[in-house]
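Reader: Could you take me through one part of this model closely, please? I would like to see how the protein meets the DNA.

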Number of protein chains: 2
Amino acid sequence: MGSTATRSSGRRQRSATALAPVPPTRFDQRLKEILAHATDVFCQKGYEGASMRDLSRASGMSLAGLYYYFESKERLLFLIQKHTFSTIVRRLKARLEGVDDAEERVRIFILNHLEYFLANQQAMKVLSHEAEALKNGFASELAAIKREYYRICVGLLDDLKRERELQFSTRIAVLSLFGMMNWIYTWHNPRVDADAEAIAREMGDIFLQGVMTGGRGRGR
Amino acid sequence: MGSTATRSSGRRQRSATALAPVPPTRFDQRLKEILAHATDVFCQKGYEGASMRDLSRASGMSLAGLYYYFESKERLLFLIQKHTFSTIVRRLKARLEGVDDAEERVRIFILNHLEYFLANQQAMKVLSHEAEALKNGFASELAAIKREYYRICVGLLDDLKRERELQFSTRIAVLSLFGMMNWIYTWHNPRVDADAEAIAREMGDIFLQGVMTGGRGRGR
DNA sequence: ACTCTGTTCGAACGAACGTTCGAATTATTC
DNA sequence: GAATAATTCGAACGTTCGTTCGAACAGAGT
């Protein structure tokens with residue numbers, strides 16, 4: 001009776017050989033709804049500032065009822081962050097497939113990031129802003145995804161550097177780019193600002209021309 | 001007896017005509033120490049995650065004793081953020097004085113920001129990361145400083161735009177620049193990364209060449 | 001009708017939270 | 001050294017926190 005809350009991940013592993021998509025159970029469905037409501041609350045009040053009673057109110061389920069779907073508040077945050085981050089990485093890989101031009105690949109990276117960011121602004125804010133909230137096991141599993149995403153971007157920029165014989169610090173460039181993009185959750189206003197495509201073009205222009213102009217002599 | 005905690009700001013206003021610097025009282029001195037310790041704790045655990053008992057332990061003062069120096073946890077955060085932000089704006093103004101070249105002025109802005117950021121990394125993280133933690137009166141007073149700082153940067157970029165006849169969205173450019181710079185608190189490692197001057201040069205190169213190359217046709 | 005499994009909830013747990021109060025202690029002034 | 005003011009503290013306030021427990025409810029299969 002006590003272990004029902006971990007049922008979901010266990011259930012999904014039935015028949016590891018079958019490639020057919022597993023139909024979402026009622027349990028998975030309801031969990032998804034709760035995650036969505038929790039994302040809103042975490043976004044508004046922050047992880048520490050949001051109480052389980054806030055989540056209960058937002059999702060229309062009793063306080064105790066929530067614990068049927070996950071075993072702790074921390075695991076709930078983990079599920080949100082992991083799903084969000086995994087999705088953005090998966091979409092990026094799909095979009096990069098078949099594109100060879102180095103500059104175009106960087107532009108795809110930027111567009112993918114910003115499009116997902118603005119389409120899922122709340123989840124992405126929770127991912128960006130609560131990056132330090134998880135501990136130990138949860139933290140390290142998420143750090144692994146983060147590192148993979150970071151390495152992909154480093155690869156794209158190194159390719160560009162080689163192709164155009166540029167010289168700049170990849171580390172500073174990548175982290176500057178992440179900063180430009182992730183900071184958007186602090187200022188983007190859908191009633192004032194352009195859509196993701198336009199912003200991606202403008203940021204892409206600034207970043208790429210910044211990195212591609214000047215050629216040798218800078219950085220190391 | 002109950003109003004002693006507001007003594008400091010009241011005391012400072014004696015003889016508004018005198019320009020001589022007011023010698024820091026014992027009260028001001030001790031408050032400053034507490035603010036420094038509180039900055040460390042807020043930086044490590046976040047504003048919501050840090051308890052008054054954590055602050056008590058860190059500053060070596062009893063829980064009740066803290067309330068002699070400020071009337072609430074929120075006001076404590078406000079004092080930290082206001083002092084940090086005011087200082088960076090004051091220093092910027094002093095550094096910009098006498099410099100006419102538009103590009104140089106932008107570079108001074110970047111250098112000032114990053115130098116202060118890395119020299120006071122904990123305070124700047126608290127300023128960046130806890131930007132939404134304050135409510136109502138506290139929030140609006142801080143928003144005023146923030147707006148002034150933002151407007152200064154907009155002015156610098158508009159000057160550059162006019163001088164070089166460039167075309168780009170000032171808003172996107174300014175906010176991208178802030179993103180590049182403020183994100184640094186998530187990744188900077190003093191044992192791995194260069195000092196503020198070198199990073200400021202690299203970020204300045206990326207940003208300025210990004211904004212200055214291409215000329216007309218982009219943005220609006 | 002009965003059982004079994006999956007789902008929901010009211011009530012409560014102990015711990016920790018921000019804040020207050022009056023007394024005790026320390027520094028300053030005469 | 002007595003009197004006054006500034007500073008510190010132990011103890012407690014009422015509230016809210018994350019989590020647990022056992023009972024109640026629903027639906028499907030027999």
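Author: Here is a walk along the surface near DNA strand D.

A word on the ground rules: this is a predicted model, in which local features need pLDDT of at least 70 and side-chain atom pairs count only at pLDDT 80 or more, while totals for chains, interfaces and linings use all residues. Residues are numbered from 1 along each chain as its sequence is written, chains are lettered from A and ligands numbered from 1 in the order in which they are written, and side-chain values use heavy atoms, with hydrogens and water left out.

Around DNA strand D there are 20 residues, and Met52(A), Tyr67(A), Ala64(B), Tyr68(B) and Tyr69(B) come nearest (near means that a heavy atom of the residue lies within 4 Å). By class, this surface has ten nonpolar, four polar and six charged residues; Tyr, Met and Ala count as nonpolar here, Asp, Glu, Lys and Arg as charged.

Now for the phosphates. Met52(A) uses a backbone N or O atom, 2.7 Å from a phosphate oxygen of the strand. With Tyr67(A), an N or O atom of the side chain is 2.7 Å from a phosphate oxygen, and for the side chain of Tyr69(B) the distance is 2.4 Å. Of the strand's atoms within 4 Å of the protein, 57% belong to sugar or phosphate, and the rest to bases.

As for helices (DSSP runs of H or I, at least four residues, numbered from the N terminus), H3 (52-59) and H4 (63-66) of chain A, with H2 (26-45) and H4 (63-66) of chain B, each supply at least two residues of this surface. H2(B) gives the largest share, three residues.

Key:
Polar contact = N/O pair within 3.5 Å; in protein donor to acceptor, adjacent residues only side chain to side chain.
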